[in-house]
Amino acid sequence: MADAKTNLLGMPRAALRSFFEGIGEKPYRADQVMRWIYRAKVTDIDAMTNISRSLRSHLREIAEIRVPAFSAGRRSSDGVVKWLAHVEQGQEVETVLIPDAGGTYDAPEAGTPTRRNTLCISSQVGCSLDCSFCATGKQGFNGNLTRAEIVGQVWQASRELAARGDDRGITNVVFMGMGEPLLNFQPVIDATDVLMDDLAFGISKRRVTISTAGVVPRIRDLALHTDVSLAVSLHAPRDELRNVLVPLNRKYPIADLLDACRHYLRRLGERRSITMEYTLIEGVNDSLADARDLARLLTGLRAKVNLIPFNPFPDDRNGYRRPDAKRIAGFQSSLLNAGIATMLRTTRGDEIGAACGQLTGTVHDRTRRRMRYLAREAVSMQTRPAP
């Protein structure tokens, strides 16, 4: 069987230069190819006209530029768009475009350009974790995305925007889609390198955010490789509650997690902070006592809190609900009065299942987790008393 071709998409510049040196070419060829792939959005090697015919012929034999296909985007009334990215073995992950409030997927009206296009991308097929308030984990887990499948989501979305006359392209990328990014470490690191490379997307390190449920050793490793923005899915101020909401906490409790955050903050420098994500669930973690505990926990840490009202999803078997506006406002005010910078994330895209915690995709679950959930639900239905 012939050797598989090397996919040039998603290769960091240093790796691409090594690739060309390995085939006896000058490393500057990597720079040329990156411009073709990311700036011109070219996937046909023969279209790279400033590369010699003989090299193009050789590249066709050993390399390719393979981008994951996108299904037509679903649009919500608030401007959010969700695509399905088709990856290996017939599976699909979800990618979400969030224009600034008031922006749309279509070309903005004259004089009112969209200032920011945030793309929420996936890093795994499903999720190996099983946070109780998130739909993704309920689908089970199949495996990690390759660096090409990660970068390909941004490549496709930026091409879609260009086709609709939005010249700003993707301005922000958040690894907040399907999966735990730090459990797919090297492909995610490679992808961030490409996202920030001036020959590729040229996105600022402050505008690339990796979100983690708290994989403590990998947060420490992250400090050795990058200084992108970090968001931590905290969701509870105490271990006994976080053990339920984020089961990973049983392995890496809050004290260890915050210590790793301090370690990463030293990498970021004094003018930057970490974002603590906190999903508010009625009657679970949204009391004023919870807010006071959270304020005490974060005092002295360069962190800001991003409050996320719970977004319902079909597979939720806990009966979770979103708190009302008054309760959310009280929680936020308590944190602000304690000197903790706190933002409230506006719910967007929920009508198309694109809000935080709602992404599902198509996962061939090798963990059988989804099968167990469905079996439990069937038993519950059978034993439930008749109305």
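Arg 327 counts as partly exposed, with a relative accessibility of 37%. In this predicted model, the side chain of Arg 327 meets that of Asp 286 in a salt bridge, at 2.5 Å from N to O. Arg 327 belongs to helix H11, while Asp 286 sits in the loop between strand E12 (274–280) and H10, so the pair ties together parts that are 41 residues apart in sequence. Its partner Asp 286 is buried, at 3% relative accessibility.

**Two helices side by side**

Helix H11 covers residues 325–337, and helix H10, residues 288–298, packs against it. The axes of the two helices are 9 Å apart, and the packing angle is about 30 degrees. Angles under 35 degrees count as roughly parallel, so H10 is described as roughly parallel to H11. The crossing of H10 past H11 is right-handed.

Which residues of H10 and H11 meet? From H10 come Leu 288, Asp 290, Ala 291, Arg 292, Leu 294 and Ala 295. From H11 come Gly 330, Phe 331, Ser 334 and Leu 335. Sorted by character, the residues of this contact are six nonpolar, two polar and two charged.

Asp 290 appears again in another setting, a network of salt bridges that links it with Arg 238, Glu 240, Asp 293 and Arg 296.

**More salt bridges**

How many salt bridges does the count come to? The count comes to 21. Here are three of the pairs, including the one met at the start.

| Pair | N to O distance | Relative accessibility |
|---|---|---|
| Lys 82 and Glu 94 | 3.3 Å | Lys 82 9%, Glu 94 5% |
| Asp 100 and Arg 116 | 3.3 Å | Asp 100 12%, Arg 116 39% |
| Asp 286 and Arg 327 | 2.5 Å | Asp 286 3%, Arg 327 37% |

Take Lys 82 and Glu 94, whose side chains meet in a salt bridge. Lys 82 is in strand E4 (residues 81–86) and Glu 94 is in strand E5 (residues 92–99), so this pair ties together parts twelve residues apart in sequence. Are these two residues buried or exposed? Lys 82 counts as buried, and Glu 94 is buried as well.

The next pair joins the side chains of Asp 100 and Arg 116. Both residues lie in the loop between E5 and strand E6 (117–120), and the pair links parts of the chain 16 residues apart. Asp 100 is buried, whereas Arg 116 counts as partly exposed.

**A crossing between H1 and H2**

Now turn to the start of the helix numbering. Helix H1 spans residues 13–22 and helix H2 spans residues 28–39. Their axes come within 7 Å and cross at roughly 125 degrees. That angle makes H1 oblique to H2, and the crossing is right-handed.

On the H1 side, the residues in contact are Arg 13, Leu 16, Arg 17 and Phe 20. They meet Arg 29, Ala 30, Asp 31, Val 33 and Met 34 of H2. The residues of this contact divide into five nonpolar, no polar and four charged.

**Residues to look for in the loops**

Three loop residues are worth finding in the structure. Two of them are picked out by their backbone angle phi. Most residues other than glycine have a negative phi.

Lys 41 has a positive phi, near 55 degrees, in a residue other than glycine. Lys 41 is found in the loop between H2 and helix H3 (53–62). With 21% relative accessibility, Lys 41 counts as partly exposed.

His 235 is not a glycine either, yet its phi is positive, at about 70 degrees. You will find His 235 in the loop between strand E11 (229–233) and H8. Is His 235 buried or exposed? His 235 is buried, and its relative accessible area is 3%.

Where does Lys 251 lie? Lys 251 is in the loop between helix H8 (239–245) and helix H9 (254–268). At 60% relative accessibility, Lys 251 counts as exposed. Between the C-alpha atoms of Lys 251 and Gly 214 there are 9.6 Å, and these two residues are 37 residues apart along the chain.

Conventions. Residues are numbered from 1 along each chain as its sequence is written. This is a predicted model: local features need pLDDT of at least 70, side-chain atom pairs count only at pLDDT 80 or more; totals for chains, interfaces and linings use all residues. Side-chain values use heavy atoms; hydrogens and water are left out. Axes are lines fitted to C-alpha atoms, for helices over the stretch in contact, and angles run from 0 to 180 degrees between N-to-C directions. Helices (H or I, at least four residues) and strands (E, at least two) are DSSP runs, numbered from the N terminus. Angles under 35 degrees count as roughly parallel, over 145 as roughly antiparallel, 65 to 115 as roughly perpendicular and the rest as oblique. A crossing is left-handed if the near helix is turned anticlockwise from the far one by less than a right angle, and right-handed if clockwise. Contact means heavy atoms within 4.5 Å. Ala, Val, Leu, Ile, Met, Phe, Trp, Tyr, Cys and Pro count as nonpolar, Asp, Glu, Lys and Arg as charged, and the others, Gly among them, as polar. A salt bridge is a side-chain nitrogen of Lys or Arg within 4 Å of a carboxyl oxygen of Asp or Glu. Buried means under 20% relative accessible area, exposed over 50%, partly exposed in between (1.4 Å probe, protein chains only).
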